[in-house]
Amino acid sequence: MGSAPRHSRDPLEFRPKMAEAPPTRPASAPDEPPLEPDAQAYLELRQLILAPEQEALERLHQRVDDPASRTEDVGSVVAEAIQLRRKQGGDEALSVALAPTIETALRESVRKDPATLADALFPVMGPAIRRSILETLRSFLESFNHILDQSLSVKGLKWRLEALRTGRSFTEVALLHSLVFRVEQVFLIHRKTGLPIGHAVASAVAMQDPALVSGMLSAIQDFVRDSFHTSQGQGINRMNVGDLDVWIEEGPYAILACVIRGIAPRDLRDRMAEVLEDVHREYSAQLDEFDGDTATFVKVNGELSRCLEHRYKEEVKTKSFAFVYGTAALGFLLIAGWLGWRSTQYNRWDRLVNTLREQPGFVITSFGREHSRFVVRGMRDPLAADPAQFIKSSDVNPADGEFHWSGYYALDDGIVEQRARSILSPPATAVFTVKSGVLCVSGAASANWVKDIQSRALLVPGIHSVELSPELNPGRLAFNQAKSQIEGGVVKFPVASAALSPAESLSLRKLAENIRSLLLAADSLHQSTTLEVLGHTDSTGAEAVNLDLSQRRADRVSWALGQLGVPERILRARGVGTTNPLRTEDNEENRQFNRSATFRVIAPVP
Amino acid sequence: MLQKKICMLGSFAVGKTSLVRRFVESIYSEVYQTTVGVKIDKKNVKVDEKEISLVLWDIYGEDDYQKMRWTYLRGASGYLLVADGTRKTTLEKAVSLEQKVREEVGAIPFVLVINKSDLIRDWELDPALESQLAAHGWGILRSSAKTGEGVEESFSLLTRKMLG
């Protein structure tokens, strides 16, 4: 309400009117004797005109005289008056004037009920007190450190070592070791009713009905307070059962209780106080008027969960950088060593595998580590070298790995040559060489073996053609064979005769067959051939006679051969007398050999 | 959820605890009553489609050894005053308790529960006193811890009174 309209109604404003009023005021009291009718009418008129003003005046008199209504008037403007005074710059004087009264009032209030003022100051006192306590604690810790310095328990020594290692103060280490706890449940309990206002619970905590726990907690508080006649605000602030701790923080309207497992640090208590203060600040009206309806405290559980702290031993274990780095370096070295060893091992195997890869008759299809074993897979020709010999000469540990071979036919020349040798079983005199699938055979071999070698060799995997050296030409071999058989033949004659005995005639048949073979072979070789039939005599008798006899003997055989189908064009009969004896005539039998005909195959090189 | 603290008052051995044993959720043993002087249970009731959680402070009845702790009544929204129908003195005690409550915490809703209705033949209650109290506006119910008669009704009636 503004001050202007109030001033217009101020009784003082009526003063000028009041000054004019008395002369016109009639003497009209209710107990005056009745007046004349005119006078009566005048009186009524007067009454009619002046009565409202008179009544107002009467009311003003009453207000000024009555202390109660005066108080009421002043009370309605006192706030504005103080404001105005401050605006006018006189607030210092006002403070001086009010200070004694306020001081007395406060003193009186505290004397009457300290709780009222304590409750009012509660939200602001907490932080201030905590700050001062923190300072005190800090200095206390220093002395605590000193005391602990004296302790020589095993644990103390252990902590001391840790302090040395980490460069922290011993106190800090000792405290850190104590800070192992978990706040399992937080209850906010309405102080007056013992009803739960809020409840926060850590995960995986078995909990009881918060209403029952809250009730019982506040009942116990009451019980203790009652039993020991402590004053309000001095209840239990801590209960301890085994490793469970219940910390209780009391506010004017609500109690905060934390159920803690383990040993909680001191600053949790500060946190609790903070939360409790915040709750009181935020919900002061609701707390005051709490009637059991928690709907207005929706966000309170969030506040409470600020107290759900935990700290585990592992977390507080601190290690110095040197230690961490040392461990890391050691770990690194171990890993590096292990990797190095692994890599060396791998390299050894890799070398072995490459050696095998280079060997004829080996194909490596895969190589690697399987379940920490080396596994080599590939194909191996049965004729390839034994891998064991390579493993033996390498530097790998055979127990570290395994080989899986499947068979195949290698096309490497060396292997194919070996394969050809094992399949074709050539005579020791034959020489085999293989070059890009071509088998070259040289040296000496029987015509029989050579005969079908061409077709047989093609059955050997890896050989697609065969080259025989000229001396192994089947035609040549047949030719030579026939030639040696022919030239080994001797037709014997009786003394001084050129007649053929029946036995010799028979042997000529065999000879004629050989000559036919010879001619067949010569034909295939395009070889022109002449068969010389040489007639011989022994050394008895005249030379001229012998020469003639020998000629006749050659002619005789030549003729007989012609009779047996040998073409005459190749036959040359020649008597050589005694000039070319077959044997030395030292006995009759040897002399007999000289009475003969022999054969010579003449085949000029084509 | 609306919660209300209510108390159970009455002389020693009127059957306060037996009366509610079958009807409440409890985690505490009855030993608390003789040690701390109170045992706390919980009971959910539904009145006019409204669920209300009653936190029940079963206060140890006064006897020669232990005095009742009035502190436990602080903050209660109502109470059940329990008397034993077979013992006249317990009703008298109930009357004086009601008066004491009024002095200590003010006039709060209550219901007088006269227990042991199953032993009605042994009752020594003065019907005149009963009707006199009813005339004073007392809510009076008869109950039996044995049969369960009147227990739920007592809670409902008290709740209604508390919700006004």
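In chain A of this predicted model, residues 24 or more positions apart account for 63% of the contacts that have a separation of 6 or more. The secondary structure of this chain comes to 22 helices and 16 strands, and of its 606 residues 25% count as buried.

One helix of chain A can be followed in some detail. Helix α20(A), residues 502–524, has 23 residues, which at 1.5 Å a residue should span 33 Å, and because its end C-alpha atoms are 34 Å apart, the expected and the computed spans agree. Among the buried residues of α20(A) are E504(A), L508(A), L511(A), N514(A) and I515(A), and the list also includes L518(A), A521(A) and A522(A). These buried residues pack against the elements of chain A that are set out in the table.

| Element of chain A | Residues |
|---|---|
| α19 | 474–488 |
| β13 | 490–492 |
| β14 | 530–536 |
| α21 | 543–563 |
| β16 | 596–602 |

Just after α20(A) comes H526(A), which takes a positive phi of about 55 degrees.

The model also holds a chain B, and where the two chains meet, 22 residues of chain B are in contact with 18 residues of chain A. On the side of chain B that touches chain A, the elements giving two or more residues are β1 (2–10), β3 (38–47) and β4 (50–59) of chain B, and the largest share, 4 residues, comes from β1(B). By residue type, this side of chain B divides into 10 nonpolar, 6 polar and 6 charged residues.

Notes:
Residues numbered from 1 in each chain as written. Chains lettered and ligands numbered in written order. Predicted model: local features only at pLDDT ≥ 70, side-chain atom pairs only at ≥ 80, totals over all residues. Contact = placed C-beta atoms within 7 Å. Nonpolar A, V, L, I, M, F, W, Y, C, P; charged D, E, K, R; others polar. Expected span 1.5 Å × (residues − 1). Buried ≥ 20, exposed ≤ 12 C-beta atoms within 10 Å, placed from the backbone.
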